[in-house]
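Colleague: Please take a close look at one part of this model and describe it in a connected way. I should like to know how its strands and its aromatic side chains are placed.

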Amino acid sequence: MIKVAIIGAENVGKSTLMNALIGEKVSEVENLPGTTKGTIKRRFGKLKIPKSMKNPLGGADEFVLIDTAGLFAPEKELRGKVLSEEKFREILNEIISADIVIHMVDATVGLHRGMEKLHHMLKLRYEKPIIVVINKIDLVPREKVEEIRKVIKKRLEQDAIPLSLVTYEGFNDLLRAIAYYAQYAEK
């Protein structure tokens, strides 16, 4: 079984992504920050692995998705943590236990500094494979998406997948990235 944690600032679309990956509504979705209060875990089931990749679990491609609460407020005046220290640690431990992390960035807001620090900690200290996704690309001009991609490439030292959970642009790229990293997840 492979655990995939979805992380990001508040209202970036983590619950919407979880629902899209599972194919049904399992996480509450509101256009309000703080809708998810802790972590929600659901079995994702089988992932369609491209024929060019080896099957990561020899036929038992079971995935568990972890939808986490927003760890930081997106507004500049509320840029700090939005959770109690205890709840923040609890969610962080859940993220650290994951095999793969999906770091979501809101195209309308950009890369959050607190999330940037968390990203580096997960990548460097815990050696987590991280897939960076720029969500809500349907709400901003292409130039803005490219600008955010350049910032992510510079500050996080990796490419980001542009994604719209309205048009599903980039969704197959995300599935391929999950399948790729699943090959190397510890069993």
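**Strand pairing and aromatic pairs**

Modeller: In this predicted model, A5 stands opposite I66 in strand β3. The pairing to which strands β1 and β3 belong is parallel, with 5 bridges joining β1 (residues 2-8) to β3. Strand β3 itself covers residues 63-68 and is mostly covered, since 6 of its 6 residues are buried. Which residues lie on each face of β3? On one side are F63, L65 and D67, and on the other are V64, I66 and T68; all of them are buried, and both faces are thus covered. I66, the residue opposite A5, belongs to the side that also holds V64 and T68.

The aromatic side chains come next. The structure holds 2 aromatic pairs. In one of them, the ring centres of Y168 and F171 are 5.2 Å apart and the planes stand at 80°, so the pair is edge-to-face; the cut-off for that class is an angle over 60 degrees. The two partners differ in exposure class: Y168 is partly exposed, at a relative accessible area of 41%, whereas F171 counts as buried at 12% relative accessibility, because buried means under 20%.

Y180 and Y181 also form an edge-to-face aromatic pair, with 5.2 Å from centre to centre and 75° between the planes. Here Y180 is partly exposed, with a relative accessible area of 38%, and Y181 likewise counts as partly exposed, at 27% relative accessibility.

Note on methods
Residues are numbered from 1 along each chain as its sequence is written. This is a predicted model: local features need pLDDT of at least 70, side-chain atom pairs count only at pLDDT 80 or more; totals for chains, interfaces and linings use all residues. Side-chain values use heavy atoms; hydrogens and water are left out. Rings of Phe, Tyr and Trp (its six-membered ring) pair if their centres lie within 6.5 Å; planes under 30 degrees apart count as stacked, over 60 as edge-to-face and the rest as tilted. Buried means under 20% relative accessible area, exposed over 50%, partly exposed in between (1.4 Å probe, protein chains only). Helices (H or I, at least four residues) and strands (E, at least two) are DSSP runs, numbered from the N terminus. Two strands pair if DSSP finds at least two bridges between them.
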